[in-house]
Each structure stands twice: as C-alpha cells, then as structure tokens.
Amino acid sequence: MSVVLGGETKMKQIRKMYPLCIACILFIFYLSGSGSFDGIERNLAYETNPATGQFPRKVWQTWKVDPLAFEERDLSVARTWIQKNPGHRYEVLTDGNDLYYVETHFGPMGLNRLDIVNVYRSLTAKIIKADLLRYLVMYVEGGVYTDIDVEALRPIDRFIPDRYDAKDVDLVIGVEIDEPEWYDHPILGPKSRSFCQWTFMAKPELPVIMRLINGILQWLEGISRKQGVSISHIQLDFDEVISGTGPSAFTDAVLAEMSERTGQKVTWEAFHNLAESKLVGRILVLTVEAFAAGQGHSDSGNHDARTALVKHHYHASMWPSTHPRYNHPMYGEVERCNWNSDCIRTWDEDVKNFDALPKDEQIRQIAMKEAREATYNEMSAKEKEEKRKKEEEAAQVAAVAPIAPL
C-alpha cells in the first residue's frame with residue numbers, strides 16, 4: 001500500500017510540473033522563431049568563422065623572442081595593443097616557433113603547399129622571412145598584423161569608419177608613400193607610391209594575400225636563378241627587398257586585385273592626395289594619416305590627429321644595415337632627403353655633374369671627401385674623449401669632497 005501511495009504522490013508532483021514544462025517548450029519555440037539562437041551562434045562564430053563576414057579579433061606580431069623576453073622598449077609598445085583592444089587575442093610568432101607554424105598550416109596536414117614550406121625553410125634573409133611570415137599568417141587566420149615597433153593609438157574598432165559595414169570589407173590598408181612626382185626617378189621611382197604593410201587588417205584566405213605569396217615565391221626563384229645560387233644564399237639590396245616582399249610588392253598585389261575585382265584597371269591615381277577613406281573591390285584604403293602619420297612627407301600629418309590610428313617608432317627597422325641602399329660615393333643616399341623636392345633635385349644635379357667629370361677628377365674629389373670625413377671623425381673622437389675625462393675628474397672630485405656641516 002505504501003508503494004502505491006508513493007507512486008500516486010510522484011504522479012501528482014509530475015502533473016504539477018506540466019505547466020512549467022509547457023512554458024519552457026513555448027519559450028524555446030519563441031527563441032527559435034525570433035532568431036535569438038542565431039544571434040548566439042553569430043557571437044560564437046564571430047571568433048572562429050569567416051562566413052559571418054566579420055574580421056577575426058586577433059592581433060599578430062612577429063619578433064625574435066616571445067613577449068616574456070621583450071625589452072622594455074618593445075614591451076611598452078606591444079602593451080598598447082592589449083590595453084586598447086581587450087577583446088582581441090594577442091599572439092607573437094618568434095624565431096623559435098615560426099617554422100613550426102608554417103609547417104603546420106602549409107604542410108601536408110594543412111594546405112599542402114610544400115613549395116611554401118621549403119622556401120620559408122631555406123630563407124636566411126631575416127627581413128624577407130618577416131615579410132613572408134606576416135602574409136602567411138594573415139592568409140591562414142586573418143586579423144590585424146602590426147610590426148613590433150608600432151604603437152596602437154586608437155582601438156582596432158576605429159579601423160573601419162562608421163559609414164562602412166565590415167561585411168563589405170575584406171582588407172583594410174593605408175597609404176604609406178604618396179609622392180608620384182618621382183615615379184620615374186631611377187632610385188625613388190618604385191618607392192614613390194605604396195601602401196603601408198607594417199600594419200593592416202585582413203579576413204582569412206583572401207585571394208589577394210595568396211596572390212602576393214605566390215608572387216614572392218616566383219620572385220625568389222627568379223633571383224636565385226639570376227644569381228646562380230640557392231635561395232638561402234641570395235644577396236639583396238634595399239630596393240630589391242622593397243620591390244620583392246615589402247611595400248612595393250604589397251602595393252602591386254593590391255592594385256592587381258582591385259583591377260580584377262572591379263573589371264577595370266586601378267592605378268595609384270585613385271589614391272593620390274586621398275582626403276578620405278575609399279572602398280575599391282572590397283579593399284578599404286585609409287588616408288596616409290591612419291597608419292603612417294608623422295613621416296614628414298606625403299602630407300602625412302601628425303599623430304595628434306583624430307584619424308591617426310597607430311604610431312610607427314622605427315626602432316626595429318634595422319634591416320637596411322644588411323641590405324644597404326644605393327650610396328653615392330660623394331653625395332650619399334638620396335633617401336636622406338625624405339622626399340623633399342629641393343633636396344632630391346640638388347642631389348640629382350650634383351650626381352649628374354659628378355658623373356660628367358673625368359675619372360681621375362672623380363677619384364681626387366672622393367679622396368678629398370674621405371680625408372675631410374676622417375679629420376672630422378678624429379676631432380669628434382678627441383672631443384668625446386676629453387669630455388669623458390672631464391666627467392671622470394669631476395666625479396672623482398665629488399667623491400672625495402668633504403660633506404658640508406648642516
């Protein structure tokens with residue numbers, strides 16, 4: 001009897017729960033009909049699924065060591081990306097784990113592009129590896145890439161102006177150099193019009209990035225054949241780096257992609273004196289002030305402007321020391337003019353006049369210049385030594401001087 005009574009009691013309890021169960025079922029149907037579940041899925045997919053049309057919330061950098069071993073200089077700059085973008089994942093690929101990343105994503109278990117893996121493994125030129133790696137990462141995962149010496153001035157959410165929908169944008173870039181007056185200059189010409197690639201934002205698996213990667217592989221193979229050495233032994237000057245993997249290569253790939261997407265040839269003219277951002281073939285181009293403010297050329301403005309998004313400190317840009325610019329024996333590097341028109345014209349005229357001199361006169365003038373520089377360096381060294389001695393003597397006097405009574 002007690003068992004039966006217990007069963008009746010349980011049945012009564014279950015009947016009391018019927019209204020609650022029905023209410024739960026109705027609530028589930030309501031959510032399903034209103035699309036709230038879709039909203040939850042979109043929030044999850046926002047982090048992982050490019051089909052949502054949003055940019056991955058990731059910040060990528062590459063450097064010799066991981067953040068735990070950063071110098072204070074690098075740490076303080078890197079920290080700005082985390083502070084201004086707490087909702088983004090931050091990751092640094094290093095000289096110790098970069099190859100593992102490339103082999104994982106482009107090897108047999110990934111995209112199966114062994115040509116990419118083999119070329120990357122063979123490269124010894126660090127700046128070429130750094131350029132190629134940023135493109136490989138952006139192709140696989142997307143997000144924001146930024147050099148280790150670039151400071152975040154504004155949140156990444158400011159990269160796309162309000163008038164654009166992120167779903168309509170695949171790539172966000174900025175103008176770096178806009179000096180087309182010098183497009184036919186023998187040295188400055190290829191560098192006179194370029195987009196910035198020390199900071200840019202991309203969605204994963206963009207054809208334009210793969211176009212760039214494939215172009216770099218072809219270029220490296222061509223250099224290897226031309227020099228008659230393996231890729232690991234090629235020698236590159238400054239201009240070859242810029243045109244092969246740097247801003248010029250990046251710019252050429254972007255313009256080609258824009259032309260293909262729009263069905264008409266897109267040239268630099270579309271971005272000369274760009275006063276506001278422009279969307280071309282789902283590629284958003286920001287003004288020079290966005291990523292390259294404070295350069296002193298290209299009407300780049302300054303870092304206090306509301307449209308300035310990052311600040312490039314250049315303290316990691318030491319690679320030209322191993323890939324030197326053209327240096328005239330009398331007048332040095334034309335790049336020192338920093339795109340000042342009067343300076344460039346003077347440099348060109350001086351070089352023209354020098355080249356017209358007889359060979360023996362050229363040798364004499366170079367010898368005189370070297371002698372002047374040697375004398376100046378010797379005098380500077382003596383002045384520094386005298387200053388050092390005076391400072392040491394002052395320090396010794398201060399160390400033995402009696403302490404005045406209070």
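Contact means heavy atoms within 4.5 Å. Keep that cut-off in hand for the exercises below, which use a predicted model.

**Exercise 1. The whole protein**

Task: State how many helices and strands the protein has, and what share of its residues counts as buried.

Solution:
- Step 1. Count the elements. There are 12 helices and 10 strands.
- Step 2. Turn to burial. The protein has 406 residues, and 43% of them count as buried.
- Step 3. Look at the contacts. Take those between residues at least 6 apart in sequence; 69% of them join residues at least 24 apart.

**Exercise 2. Two helices that cross**

Task: Describe how helix α4 and helix α6 cross, and find the residues that meet.

Solution:
- Step 1. Recall what is needed. Two packed helices are described by the angle between their axes and the distance between the axes.
- Step 2. Locate the helices. α4 covers residues 98–106, and α6 covers residues 126–140.
- Step 3. Read off both values. The axes come within 11 Å and cross at roughly 40°.
- Step 4. Classify the angle. Angles under 35 degrees count as roughly parallel, and 65 to 115 as roughly perpendicular. α4 and α6 are therefore oblique to each other.
- Step 5. Give the hand. The crossing of α4 and α6 is left-handed.
- Step 6. List the residues. α4 brings Asp98, Tyr101, Val102, His105 and Phe106. On the α6 side they meet Lys129, Leu133, Leu136, Val137, Tyr139 and Val140.
- Step 7. Sort them by class. The contact of α4 with α6 has 8 nonpolar, 1 polar and 2 charged residues.

**Exercise 3. A neighbouring helix in the sequence numbering**

Task: Which residues of helix α5 are buried, and which helices do they pack against?

Solution:
- Step 1. Find α5 at residues 114–122.
- Step 2. Pick out its buried residues: Ile116, Val117, Val119 and Tyr120.
- Step 3. Name the partners. The buried residues of α5 pack against α4, α6 and α7 (207–227).

**Exercise 4. A strand and its partners**

Task: Is strand β5 mostly covered or uncovered? Which strand pairs with β5 in the parallel sense?

Solution:
- Step 1. Check burial. β5 spans residues 171–178 and is mostly covered, with 8 of its 8 residues buried.
- Step 2. Take β7 (residues 199–202). β5 and β7 pair in the antiparallel sense over 2 bridges. Leucine 171 has alanine 202 in β7 as its bridge partner.
- Step 3. Take β6 (residues 193–195). This pairing with β5 is antiparallel, over 3 bridges. Aspartate 178 is bridged to arginine 193 in β6.
- Step 4. Take β9 (residues 283–286). β5 and β9 pair in the parallel sense over 4 bridges. Isoleucine 173 stands opposite valine 285 in β9.

Conventions. Residues numbered from 1 in each chain as written. Predicted model: local features only at pLDDT ≥ 70, side-chain atom pairs only at ≥ 80, totals over all residues. Heavy atoms only, no water. Axes fitted to C-alpha atoms, helices over the stretch in contact; angles between N-to-C directions. Parallel < 35°, antiparallel > 145°, perpendicular 65-115°, else oblique. Left-handed = near helix turned anticlockwise from the far one by under 90°. Nonpolar A, V, L, I, M, F, W, Y, C, P; charged D, E, K, R; others polar. Buried < 20%, exposed > 50% of the residue type's maximum accessible area, 1.4 Å probe, protein only. Pairing = 2+ DSSP bridges.
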